[in-house]
Amino acid sequence: MGASPAHAPRGAVTLSLCFLIALLEGFDIQAVGVAAPLLIPALGLTPGQAGVVFGAGMVGLVCGALAGGWMADRMGRKALLMIAVSVFGLFTLATVVAGGPVSLGLYRLLAGAGLGAAMPTLVAVALEIAPPDRRTRTTTLMFSGMPAGGALAALFAAGFLARFGWHSIFLAGGVLPLLLLPAMALLMPDSRTAASSGAQRQGGGQALFGHGRLLVTLLAWFTFGLTLLVLYLLLNWLPSLVAAKGLGGVGGAGAAFAFNAGSVVGCWVIGMLVDRFGPRLPIIAAYPALALSLFGLAGANSLPPVLVLAGLAGFFLLGAQYSLYGVIPLYYPARARGLATGASIAAGRLGSIGGPLVAGHLLGQGWGPAGVAMAMVPVVLSAGVAAAVMTIRGRYAGD
């Protein structure tokens, strides 16, 4: 049943606000990577210290996703989302005054916690405001803000970092979320789940693993972990891998932009297909298509095919990933969907920590750009098999 006309404008406003939050999250997540060439020497960080600092943000994301998913089922979405946005805005802004690895790592840890807590809450909001036949496309439309924010961070870095310094991107990434808070307070309606209003609650373990959901839960975690391993490997290493093919820094930046632009389109298209045909065919098809894109990218040595294949990789990778954000919660009862989403995101973030490390190890072993891309093909296919079994075996729990 679709949304009533009276609720449609409110839903559109809420979706727009959530899109902007996701965009600012994508901007913040990419900010530390694009600022790193200036930030690391400015603070005198060793490579080991830089690795710990960047890893702290990912640890914060994992912890925040778990805590945010649990709280999303127990308190108002609006209040939790405003707290999460405040936290990642304030501690991104605090990065401007970091004086060394300890303070920088602490600020990135806390900013990551805010970012992580916001993500399952955004999914919960999307599922509440969307008509049943538009849930996946609503979720993917909202989360398409994240690659758009990543592309915006890259453009910001190209246009302003050399002129205004590494502080400028964290200043923008911290102030903008805080400026969004008044609009959230005035325009976003509040909502509470049955669990938060005192209805019967399940234990977390029973909600995730009981009633025949053990296999679906484990497959969701496995799929998210491998998918985000590939995603963060590409986000961190794609420009360097393309530059190492002899296409220079401009080619690397172009490939990163094409990847993010393809991601936005993939979110919209695959989300629409999932709503129309169900999750099985679109998501199952996306993973082998992604593997073929990476296989082609490994062998491409001129700029036009590199840009096309990078865009296709983004299209299938983020289209499948964000569609799963809209599908997986529906396998669980409404009172446990925040927890289920947060747990899956946390598992994925563990994979995201491994992605850059895997690429660095393979390059250190002399694999080269083509070898790194080829090494991701079996990882993608493994994630695809898990996603296929999950979508075939999973059953919607209803509202």
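The exchange below goes through how the labels on this predicted model follow from their cut-offs.

Me: What kind of model is this, and what does it leave out?
Reply: This is a predicted model, in which local features need pLDDT of at least 70, side-chain atom pairs count only at pLDDT 80 or more, and totals for chains, interfaces and linings use all residues. Residues are numbered from 1 along each chain as its sequence is written, and side-chain values use heavy atoms, with hydrogens and water left out.

Me: How do you know what confidence the predictor has in the protein chain?
Reply: From pLDDT, the predictor's confidence in each residue, from 0 to 100. Its mean over the protein chain is 83, and 92% of the residues reach 70 or more. Among the elements, helix H7 (residues 167-187) has the highest mean, 93, and helix H8 (residues 204-209) the lowest, 73. Over residues 194-201 the pLDDT is below 50, and this stretch has 11 contacts in the model beyond near neighbours in sequence (contact: heavy atoms within 4.5 Å).

Me: What makes H7 agree with the span expected of a helix?
Reply: Helices are DSSP runs of H or I with at least four residues, strands are runs of E with at least two, and both are numbered from the N terminus. The expected span is 1.5 Å times one less than the number of residues. For the 21 residues of H7 that gives 30 Å; the end C-alpha atoms are 31 Å apart, so the two agree.

Me: How do you know that H10 is close to its expected span?
Reply: H10 (residues 280-299) has 20 residues, for which 28 Å is expected, and the distance from its first C-alpha to its last is 30 Å. Buried residues of H10 include Pro282, Tyr287, Leu290 and Leu294.

Me: Why is lysine 78 called buried?
Reply: Buried means under 20% relative accessible area, exposed means over 50%, and partly exposed lies in between (1.4 Å probe, protein chains only). Lysine 78 has 17%, so it counts as buried. This residue is in helix H3 (residues 77-94), and its contacts beyond four places in sequence are Met184, Ala185, Met188, Pro189 and Asp190.

Me: What makes the pairing of lysine 78 with methionine 188 a polar contact?
Reply: A polar contact is a pair of N or O atoms within 3.5 Å; within protein, one must be able to donate a hydrogen and the other to accept it, and residues adjacent in sequence count only if both atoms are side-chain atoms. The side chain of lysine 78 reaches the backbone oxygen of methionine 188 at 3.0 Å, which is within that limit.

Me: Why is arginine 108 called buried?
Reply: Its relative accessible area is 6%, so arginine 108 falls on the buried side. Arginine 108 is in helix H4 (residues 101-129). Leaving out residues up to four places away in sequence, arginine 108 touches Asp28, Val32, Val53, Ala56, Gly57, Thr92, Thr95 and Phe170.

Me: Is alanine 244 buried or exposed, and what puts it there?
Reply: At 54% relative accessibility, alanine 244 counts as exposed. Alanine 244 is in helix H9; its C-alpha is 6.8 Å from that of proline 369, 125 residues apart along the chain.

Me: What makes a set of residues a nonpolar core?
Reply: The members are buried Ala, Val, Leu, Ile, Met, Phe, Trp, Tyr and Cys residues joined through side-chain atoms within 4.5 Å. The largest such core has 97 residues, of which Phe143 and Leu294 touch the most other members. Helix H9 (residues 214-277) gives the largest share, 21 residues. Apart from this core lies another, of 20 residues, among them Ala98, Leu104, Ala153 and Phe170.

Me: How do you know that cysteine 18 and cysteine 267 are not in a disulfide?
Reply: A disulfide is a pair of cysteine sulfur atoms within 2.5 Å. The sulfur of cysteine 267 is 15 Å from its closest cysteine sulfur, in cysteine 18, and therefore too far for a bond. By this rule the count is 0 disulfides. Both residues are buried: cysteine 18 has a relative accessible area of 0%, and cysteine 267 is at 0%.
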